[in-house]
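Okay, everyone, thanks for coming. I'll put the model up and then just walk through a few spots on it.

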Amino acid sequence: MTRTMLAAVYRGIDDVRTETVAVPEIGPGEVLMRIDTCGICGTDLKKIHIGSHSAPRVFGHEMAGTVEAVGEGVRGFKPGDRVMAFHHIPCGECFYCRKKTFAQCERYKKVGTTAGVGEAAGGGFAEYIRVMDWIVGDGVTAAGLIHVPDDIPLEQAAFIEPVNTCFKAVKLLALEPDDTVLVIGQGSIGIILAALAAQTGATVLTSDMYPERHAIAAQFGLKQPLDARGDVVAASKAATAGRGADVALVAVGSDKLIETSMAAVRPGGRVMLFASTQHGTAPFDPAAVCMDEKTLMGSYSASVAIQQEGIDLVFEGYRSGKLDFTKLISHRFPLEQASEAVRLAANPQPDSMKIVLQNRKR
């Protein structure tokens with residue numbers, strides 16, 4: 001008899017419904033993973049809102065849980081193991097992998113986890129997912145299925161993938177202790193970016209319009225808030241002897257903030273776009289790039305080159321209390337209330353941060 005499960009199925013633009021579907025079947029080299037916690041990511045919300053992907057499918061990729069079953073030939077994993085799964089892993093051999101631009105690898109662009117409904121899309125908004133063989137790996141060389149120690153909550157482990165994406169951006173900036181970094185946006189991703197930037201010894205200014213978010217940021221040692229309703233450019237210059245920040249990290253997908261961030265950095269400064277994932281056009285002063293020697297750059301998705309370092313950050317950060325990302329979770333919803341969870345995540349409130357779907361044993 002076919003086993004069934006609950007899944008939050010994307011059916012069309014702004015239409016996510018909790019449905020009963022078949023538990024995905026696994027093949028040789030694959031793993032069936034029971035989801036405990038899955039965060040709702042801004043990229044999921046964008047796809048749901050603009051209808052860029054065909055329906056039906058099940059989104060969700062910030063996920064952790066336990067191994068339910070293993071396919072023939074799987075090594076290194078057994079039922080009951082606590083794990084998290086990356087949904088993308090590159091081939092390691094192509095031109096882009098050799099250049100360490102892993103997110104542009106064709107294998108990387110292929111999603112390796114699915115709830116079995118429609119095209120593979122992560123699948124974390126479900127009770128179970130099928131983890132494909134190149135994500136599981138050979139049990140010798142690390143791939144995309146990661147063991148989680150018993151002392152680390154699965155809620156914390158669910159942050160491994162988004163932390164990797166943020167850590168990649170911070171590493172690309174090669175920050176120095178005498179740098180001043182402006183992080184625009186203090187949602188959960190903005191706070192992660194700011195907290196990781198602060199670990200380099202740099203001075204971090206955080207910009208957001210909600211005092212509630214600045215209060216959460218302060219729990220991560222981020223205590224130089226700027227009110228985004230005021231003049232952020234002037235405030236950045238006031239904090240840097242009139243020069244402007246060395247770096248601006250833009251954690252909000254707003255094209256108009258590109259111009260703001262370019263104005264907020266000093267001559268020779270850098271602007272890192274982290275949330276600009278929709279195609280379009282955005283105005284900026286080309287002379288700021290040429291004559292003022294400012295750099296406009298971007299970072300997207302995760303990097304296997306820093307995968308273990310990012311994992312260690314999440315585990316040790318929880319143990320020390322310095323990077324306890326569970327503090328970023330403001331709302332926890334069961335799968336039965338998935339549509340409500342997605343609606344809140346798409347319309348954030350001052351007190352809403354990371355919103356997760358959870359599949360706790362009943």
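Let's start with Gly80, which is exposed, with a relative accessible area of 51%. The cut-off for exposed is over 50%. Keep in mind that this is a predicted model. Gly80 is in the loop between E4 and strand E5 (82-85). If we skip residues up to four places away in sequence, Gly80 touches Thr66 and Val67. From Gly80 to Met33 is 47 residues in sequence, and in space the two are 9.5 Å apart, C-alpha to C-alpha.

Now Ala103. Is Ala103 buried or exposed? Ala103 is buried, at a relative accessible area of 7%. You'll find Ala103 in the loop between helix H2 (95-98) and helix H3 (106-109). Its contacts, leaving aside neighbours within four places in sequence, are Tyr108, Lys109, Lys168, Tyr300 and Ser301. The C-alpha atoms of Ala103 and His88 are separated by 8.6 Å, with those positions 15 residues apart along the chain.

Ser301 turned up in that contact list, and Ser301 has something odd about its backbone. Most residues other than glycine have a negative phi, and most peptide bonds are trans. Ser301 has a positive phi of about 65 degrees, and it is not a glycine. Ser301 sits in the loop between E14 and H12, and counts as buried at 12% relative accessibility.

Ser303 is also in the loop between strand E14 (295-298) and H12. Ser303 is buried as well, with a relative accessible area of 9%. Which residues does Ser303 contact, leaving aside neighbours within four places in sequence? They are Phe102, Asn164 and Lys168. Lys168 is on the contact list of Ala103 too.

While we're on backbone oddities, there are two others. Glu293 has a positive phi near 60 degrees, and again this is a residue other than glycine. Glu293 is in the loop between helix H11 (286-290) and E14, and at 58% relative accessibility Glu293 counts as exposed. Then there's the peptide bond joining Ala55 and Pro56, which is cis, with omega about 0 degrees. Pro56 is in the loop between helix H1 (42-50) and strand E4 (62-70).

Okay, on to H12 itself. Helix H12 runs over residues 307-320, and at 1.5 Å a residue its 14 residues should span 20 Å. How far apart are its end C-alpha atoms? They are 20 Å apart, so that agrees with the expected span. The buried residues of H12 are Gln307, Gly310, Ile311, Leu313, Val314, Phe315 and Gly317. Here's a general reminder for reading a list like that: an α-helix has 3.6 residues a turn, so residues three or four places apart point the same way. What covers the buried residues of H12 includes strand E8 (145-147), helix H5 (154-157), helix H6 (160-173) and helix H7 (188-198). After H12 comes Gly321, with a positive phi near 85 degrees.

H12 also takes us to the second largest pocket, which has a volume of about 430 Å³. There are 24 residues lining that pocket, and the closest to its centre are Thr141, Ala142, Ala143, Ile146 and Gln307. Which element supplies the largest share of the lining? That's H12, with 4 residues. Helix H4 (133-136), E8 and H12 each supply at least two residues of this lining. By type, the lining divides into 15 nonpolar, 8 polar and 1 charged.

One more helix: H8, residues 211-218. In H8, Arg213, His214, Ile216 and Ala217 are buried. Looking down the axis of H8, those buried residues fall within an arc of 160 degrees, so they line one face of the helix. They pack against H7, strand E10 (203-208) and strand E11 (225-227).

Last stop is Thr203, in strand E10. Thr203 counts as partly exposed, at 31% relative accessibility. Not counting residues up to four places away in sequence, Thr203 touches Pro177, Asp179, Thr180, Val181 and Gln224. Thr203 and Val83 are 120 residues apart in sequence, and in space they are 35 Å apart, C-alpha to C-alpha.

That's my tour, so shout if you want to go back to any of these spots.

Key. Residues are numbered from 1 along each chain as its sequence is written. This is a predicted model: local features need pLDDT of at least 70, side-chain atom pairs count only at pLDDT 80 or more; totals for chains, interfaces and linings use all residues. Side-chain values use heavy atoms; hydrogens and water are left out. The expected span of a helix is 1.5 Å times one less than its number of residues. Buried means under 20% relative accessible area, exposed over 50%, partly exposed in between (1.4 Å probe, protein chains only). Contact means heavy atoms within 4.5 Å. On a 1 Å grid over the protein atoms alone, a cavity is a set of points where a 1.4 Å probe fits but cannot get out, and a pocket is an open set with protein on both sides within 12 Å along at least five of seven lines; lining residues have an atom within 4 Å of a point. Grid points are joined across faces, edges and corners, and a volume is the space filled by probe spheres set on the points. Ala, Val, Leu, Ile, Met, Phe, Trp, Tyr, Cys and Pro count as nonpolar, Asp, Glu, Lys and Arg as charged, and the others, Gly among them, as polar. The arc is that of the directions from the helix axis to the C-beta atoms.
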